[in-house]
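Please read the points below against the coordinates. They cover a pocket, two secondary-structure elements and the aromatic contacts.

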Amino acid sequence: MPKPRLYSGMQPSSGSLHLGNYIGALQQWRRMQDEVDAFFSIVDLHAITVPQSPQVLREQVRTLAAQYIAGGIDPDRSCLYVQSHVAAHAQLAWLLGTITGFGEASRMTQFKDKAAKGGQDAASVGLFTYPILMAADILLFDADVVPVGDDQKQHVELTRDLAERFNKRFGATFTVPKPVILAGGARIYDLQSPESKMSKSADNDKGVVWLLDEPSKTAKKIRSAVTDTEGSIRADRARKPGVTNLLDILSATTGSPVATLEAEFEGQGYGVFKTAVADAVVAELAPVRERTLELLDDPAELDRLLAANAERAAAVADATLRRALEAMGLR
């Protein structure tokens, strides 16, 4: 039986991934590589839906690619490529836009949230059509499964609707994908505001652990994490969000279940507990950081790998695009 096809991607929207990206996505993708036919994209076309510095964006693409590889994505086993290097993404997005209702696109909550923050007049048309481009990303590769966070599930549901609509109107063309919320990937929260998930756009850098932080800086941030005055080390998202977040982080970086960790640290103070979390995170991330910096020291080789993988991705994507064009009477 052929392996199921998987598609997923991340935006190059900062100079480094953070611990939430690593635990919630990259760590999971690494484990899935042998079970699926995986396509992992650096979605730079999505990144330009908000203003970008061209030079900064170019460097962030390379840095993200290096972190993918350093985090365990093998470009020989998985296809790791840059979205804009495969022209079919933008071409299929236009085709799908012609069968997407304006009201349907207007209901996407992520656009409404982002437009509300910056003002709707300042929001680009690209930001509005972001979910349609995401649908094209997925459908180009006949993806069976799409691992996403809760905030992206609505976009995958739109992708399913568009695939089914296209197939009904023009004939069987696209695989209808299924969103997969990865159960093994805990949601990681901000160390200073543990009610909010860890984010690249956080107001306070002290709450975000970056993969490329110096190990000493990482340890300091974790030792300074917000907890509570109760003193007990137990998971309770509603009453003890800070401690629960640290337990999730320790569980993800050591492989020990949260219940085991609760028993291990029973009766011990927060200082001992935070030190253990800091040591585990540094041990996990230090090799990733070191390997990332090694890869960035040879940008030509990194570019060569990305170019080779873009050719692999284009071979699959172009075939899908041809099917769609022919189905719509454009070829």
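1. A pocket here is an open set of points on a 1 Å grid where a 1.4 Å probe fits, with protein on both sides within 12 Å along at least five of seven lines; its volume is the space filled by probe spheres set on the points. In this predicted model, the second largest pocket holds about 330 Å³ of space.

2. Which residues lie nearest the centre of the second largest pocket? They are A93, W94, T129, I132 and L133, out of 18 residues that line this pocket. Helices α2 (44–47), α4 (88–97), α5, α7 and α8 (130–140) each give at least two residues to the lining. Helix α4 provides the largest share of the lining, with four residues.

3. Helix α3 covers residues 54–70, 17 residues in total. From first to last C-alpha α3 reaches 24 Å, close to the 24 Å expected at 1.5 Å a residue. Just after α3, G72 has a positive phi of about 115 degrees.

4. How many of the 17 residues of α3 are buried? The count is 12, and α3 is described as mostly covered. The buried set includes the polar residues Q60, R62, T63 and Q67, along with L57, V61, L64 and I69. From Y68 to A70, the end of the helix is buried as well, since Y68, I69 and A70 each fall under the 20% cut-off.

5. T63 belongs to helix α3 and counts as buried, because its relative accessibility of 12% is under 20%. T63 and S16 are 47 residues apart in sequence, with a C-alpha to C-alpha separation of 7.1 Å in space.

6. Strand β2 (residues 37–42) pairs with β3 in the parallel sense, over four bridges. Within this pairing, F40 has L80 of β3 as its bridge partner. Strand β3 (residues 79–82) is covered on both faces. C79 and Y81 lie on one side, L80 and V82 on the other, and all are buried.

7. The aromatic pairs number nine. One of them joins F102 and F128, with 5.3 Å centre to centre and 35 degrees between the planes, and is tilted. F102 is in helix α5 (residues 102–106) and F128 in helix α7 (residues 125–128), so this pair ties together parts that are 26 residues apart in sequence. The two rings differ in exposure: F102 is exposed, at a relative accessible area of 64%, whereas F128 is buried, at 15%.

8. Why is the pair of F166 and F170 called tilted? The ring centres of F166 and F170 are 4.8 Å apart and their planes stand at 50 degrees; an angle that is neither under 30 degrees nor over 60 counts as tilted. Both residues lie in helix α9 (residues 153–170), four residues apart, about one turn of the helix. F166 is buried at 0% relative accessibility, while F170 is partly exposed at 27%.

9. Two further aromatic features can be checked. Y7, F39, Y81 and F141 make up one aromatic cluster. Of these, Y81 is among the buried residues of strand β3. Elsewhere, R237 sits over the face of Y189, 3.9 Å from the ring centre.

Technical notes
Residues are numbered from 1 along each chain as its sequence is written. This is a predicted model: local features need pLDDT of at least 70, side-chain atom pairs count only at pLDDT 80 or more; totals for chains, interfaces and linings use all residues. Side-chain values use heavy atoms; hydrogens and water are left out. Rings of Phe, Tyr and Trp (its six-membered ring) pair if their centres lie within 6.5 Å; planes under 30 degrees apart count as stacked, over 60 as edge-to-face and the rest as tilted. Buried means under 20% relative accessible area, exposed over 50%, partly exposed in between (1.4 Å probe, protein chains only). A charge sits over a ring if NZ of Lys or CZ of Arg is within 6 Å of the ring centre and within 35 degrees of the ring normal. Two strands pair if DSSP finds at least two bridges between them. The expected span of a helix is 1.5 Å times one less than its number of residues. On a 1 Å grid over the protein atoms alone, a cavity is a set of points where a 1.4 Å probe fits but cannot get out, and a pocket is an open set with protein on both sides within 12 Å along at least five of seven lines; lining residues have an atom within 4 Å of a point.
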